[in-house]
Amino acid sequence: MAKQQKQKISEETVATADAIAKANQRPGQTKDQTKLISAGIQKGIEQYKKQHKAKMREADKARKKQARQQSDNQVESHDESQTESVSKPQALPWVLLGLSWIGFAAYVYSNLPA
């Protein structure tokens, strides 16, 4: 079984928790009580950070999923437009072929010996 690693609390979190605990210290409160309050504040900050990270991961996953769907839709629409243009009969080559045959026939007819 995998052991759950205990994450080291950052110095910034410890300093913030100590400052908050000292700012809210009551008259007659002992240092041990202040340390317990500080530890509780540290746990709260760490829990908030974990929740925030989880929310950010979920938001990132949703953003990536949406981007993937948009790119898939663009690829599908691009493929559909290509198949439509290929399936339409092209008139220009046939018109040019007909004109070239008419021009060739006129040339041959005009140069026949009399």
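**Figure 1. Overview of the protein chain, with 3 helices and 0 strands.** The model shown is predicted. From the N terminus on, the order of elements is α-α-α. Helix α1 covers residues 11–23, helix α2 covers residues 31–87, and helix α3 covers residues 92–110. The protein chain has 114 residues, of which 9% are buried. About 10800 Å² of the protein chain is exposed, and 59% of that area comes from carbon and sulfur atoms.

**Figure 2. Confidence of the prediction along the protein chain.** The average pLDDT of the protein chain is 85. A score of at least 70 is reached by 84% of the residues. Confidence is highest in α3, with a mean of 93, and lowest in helix α2, with a mean of 86.

**Figure 3. Close-up of Ala-21 in helix α1.** Ala-21 has a relative accessible area of 2% and is therefore buried, the limit for that class being under 20%. The view also includes Ser-38, which is 17 residues from Ala-21 along the chain. Between the C-alpha atoms of Ala-21 and Ser-38 the separation is 5.3 Å.

**Figure 4. Close-up of the salt bridges joining Asp-60, Arg-63 and Lys-64.** Side chains of opposite charge can pair when their charged atoms come close. The count of salt bridges in the model is 2. In one of them, the side chain of Arg-63 meets that of Asp-60, with an N to O distance of 2.3 Å. Another joins the side chains of Asp-60 and Lys-64, with an N to O distance of 3.6 Å. Asp-60, Arg-63 and Lys-64 are thus linked in a network.

**Figure 5. Positions and accessibility of the residues in the salt-bridge network of Asp-60, Arg-63 and Lys-64.** Asp-60 and Arg-63 both lie in helix α2 and are 3 residues apart, which is about one turn of the helix. Lys-64 is also in helix α2, 4 residues from Asp-60 and again about one turn of the helix away. Arg-63 is exposed because its relative accessibility of 51% is over 50%. Asp-60, at 28% relative accessibility, is partly exposed. Lys-64 is likewise partly exposed, at 45% relative accessibility.

**Figure 6. Close-up of a patch of positive charge on the surface.** The residues gathered in this patch are Lys-49, Lys-50, Lys-53, Arg-57 and Lys-61. Lys-61 is placed in helix α2. Its relative accessibility is 53%, so Lys-61 counts as exposed under the cut-off of over 50%.

**Figure 7. Close-up of a nonpolar surface patch that includes Trp-94.** The patch has an area of about 1000 Å². Trp-94, Leu-97, Trp-101 and Phe-104 contribute to this patch, together with Tyr-107, Val-108, Tyr-109 and Leu-112. Trp-94 is located in helix α3. With a relative accessible area of 64%, Trp-94 is exposed.

Notes. Residues numbered from 1 in each chain as written. Predicted model: local features only at pLDDT ≥ 70, side-chain atom pairs only at ≥ 80, totals over all residues. Heavy atoms only, no water. Patch = residues over 30% accessible without salt bridge, like charges linked within 9 Å, V, L, I, M, F, W, Y side chains within 5 Å. Areas by Shrake-Rupley, 256 points an atom, 1.4 Å probe, with all protein chains shown as cover. Salt bridge = Lys/Arg side-chain N within 4 Å of Asp/Glu carboxyl O. Helix = DSSP H or I, 4+ residues; strand = E, 2+ residues; numbered from the N terminus. Buried < 20%, exposed > 50% of the residue type's maximum accessible area, 1.4 Å probe, protein only. pLDDT = per-residue confidence, 0-100. Lys, Arg positive; Asp, Glu negative; His and termini not counted. Charge placed at Lys NZ, Arg CZ, Asp CG, Glu CD.
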